[in-house]
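Please study the sequence and the structure shown below before attempting the exercises. Each task is followed by a worked solution.

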Amino acid sequence: MKFKKALSVVGVGLLAVSMAGCSSNSSESKSSGNETKTTHPKKKKTEQKNTFRKNYDKIKVGDVAQQGNGGTSIDEVTTLLGQPTSTSTTKVSGFKVKSYNWTKSDTSILVQFAHKRAITKTISGFKWDRTSKKLDLKAFNKVKDDSSYESLVKSFGEPDGLNENVIMGQTNVTAVYMTGIKGKEGANATFVFDNNKLTSKAQTDLK
């Protein structure tokens with residue numbers, strides 16, 4: 001289907017963007033024998049980032065073939081995420097698709113709308129604060145075809161990047177891991193699910 005291919009290209013393309021790390025410092029000061037805590041930029045930034053992610057998770061995508069039926073409306077999405085950083089409009093297979101993009105720190109959210117309803121959503125640049133490296137090459141090779149998205153999350157945690165759309169009743173999810181993995185700098189792993197069954201996977205520089 002033409003619009004399925006077009007939307008998939010947009011989603012996977014955004015997920016492929018390199019996720020830059022970020023760091024900040026926190027400090028404490030003491031005065032007159034009483035401990036006074038100053039602002040902790042890192043903690044505040046982490047809380048904002050996690051809220052951004054949680055609001056992304058609240059967005060529902062509707063079926064492209066049914067004019068976005070069941071998808072979250074533009075107004076509801078802007079209530080969750082605020083006014084978009086940028087917008088654009090294009091035609092896909094004869095119907096108009098509006099793309100709204102939000103960026104906070106190193107994280108970007110892209111939501112595409114048809115008939116004012118969300119039909120695909122993507123988050124990229126998000127990095128979980130994971131210290132354990134459960135996803136190595138051996139573990140990657142053990143992930144079987146037809147395994148569920150839930151089983152992937154249970155084994156390795158939530159992915160750093162996600163894309164989701166629904167077309168003719170079929171839910172398509174692409175999950176990208178860039179943290180909690182063992183490999184060279186820039187290593188990543190991608191898993192693609194159709195109706196909650198793994199259909200393909202790929203990795204770069206896992207060890």
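The exercises below proceed from the whole protein to its sheet, two of its helices and one loop.

**Exercise 1. The protein as a whole**

Task: Determine how many helices and strands the protein has, and what share of its residues is buried.

Solution:
- Step 1. The model is a predicted one.
- Step 2. Its secondary structure consists of 5 helices and 10 strands.
- Step 3. Of the 207 residues in the protein, 39% are buried.
- Step 4. The protein exposes about 11,800 Å², and 47% of this area is supplied by carbon and sulfur atoms.
- Step 5. Among contacts with a separation of 6 or more, 53% are accounted for by residues 24 or more positions apart.

**Exercise 2. The open sheet**

Task: State the order of the strands in the open sheet and identify its edge strands.

Solution:
- Step 1. The sheet holds 8 strands in the order 3-4-5-6-7-8-9-10, and their pairing is antiparallel.
- Step 2. Strand 3 and strand 10 (197–206) each pair on one side only, and they are the edge strands.
- Step 3. From one strand to the next, the twist averages 15°.
- Step 4. Strand 3 (residues 86–92) and strand 4 run antiparallel and are joined by 7 bridges. Within this pair, Thr89 stands opposite Lys98 of strand 4.
- Step 5. The hairpin of strand 3 and strand 4 has 2 residues between the strands, and Ser93 takes a positive phi near 50° there.
- Step 6. Strand 8 (residues 170–177) and strand 9 (residues 183–194) are also antiparallel, with 6 bridges between them. Here Asn172 stands opposite Asp194 in strand 9.

**Exercise 3. Helix 3**

Task: Explain on which side or sides of helix 3 the buried residues Ile74, Val77, Thr78 and Leu81 lie.

Solution:
- Step 1. Helix 3 spans residues 74–81, and Ile74, Val77, Thr78 and Leu81 are buried in it.
- Step 2. These residues cover an arc of only 95° around the axis, and therefore they lie on the same side of helix 3.
- Step 3. A general rule accounts for such a pattern: an α-helix has 3.6 residues a turn, so residues three or four places apart point the same way.
- Step 4. Asp75 and Thr79, on the other side of helix 3, are exposed.
- Step 5. The buried residues of helix 3 pack against helix 2 (41–58), strand 4 (95–104) and strand 5 (107–114).
- Step 6. Just after helix 3 comes Gly82, with a positive phi of about 85°.

**Exercise 4. Helix 5**

Task: Identify what covers the buried residues of helix 5.

Solution:
- Step 1. The buried residues in helix 5 include Tyr149, Leu152, Val153 and Phe156.
- Step 2. Their arc around the axis is only 95°, which puts them on the same side of helix 5.
- Step 3. Their cover includes helix 4 (137–142), strand 7, strand 8 and strand 9.
- Step 4. Helix 5 (residues 149–156) lies across strand 7 (161–167), strand 8 and strand 9, at about 20° to strand 8.
- Step 5. Gly157, just after helix 5, takes a positive phi of about 85°.

**Exercise 5. A loop with positive phi values**

Task: Describe the backbone and the exposure of Asn195 and of Asn196.

Solution:
- Step 1. Asn195 is found in the loop between strand 9 and strand 10, and Asn196 has its place in that loop.
- Step 2. Phi of Asn195 is near 50°, a positive value in a residue other than glycine. For Asn196, phi is positive and near 65°.
- Step 3. Asn195 is partly exposed, with a relative accessible area of 42%. Asn196 is partly exposed, with a relative accessible area of 34%.

Note on methods
Residues are numbered from 1 along each chain as its sequence is written. This is a predicted model: local features need pLDDT of at least 70, side-chain atom pairs count only at pLDDT 80 or more; totals for chains, interfaces and linings use all residues. Side-chain values use heavy atoms; hydrogens and water are left out. Buried means under 20% relative accessible area, exposed over 50%, partly exposed in between (1.4 Å probe, protein chains only). Helices (H or I, at least four residues) and strands (E, at least two) are DSSP runs, numbered from the N terminus. The arc is that of the directions from the helix axis to the C-beta atoms. Contact means heavy atoms within 4.5 Å. Accessible areas come from the Shrake-Rupley method with a 1.4 Å probe; for residues, only the protein chains shown count as cover. Two strands pair if DSSP finds at least two bridges between them. Axes are lines fitted to C-alpha atoms, for helices over the stretch in contact, and angles run from 0 to 180 degrees between N-to-C directions.
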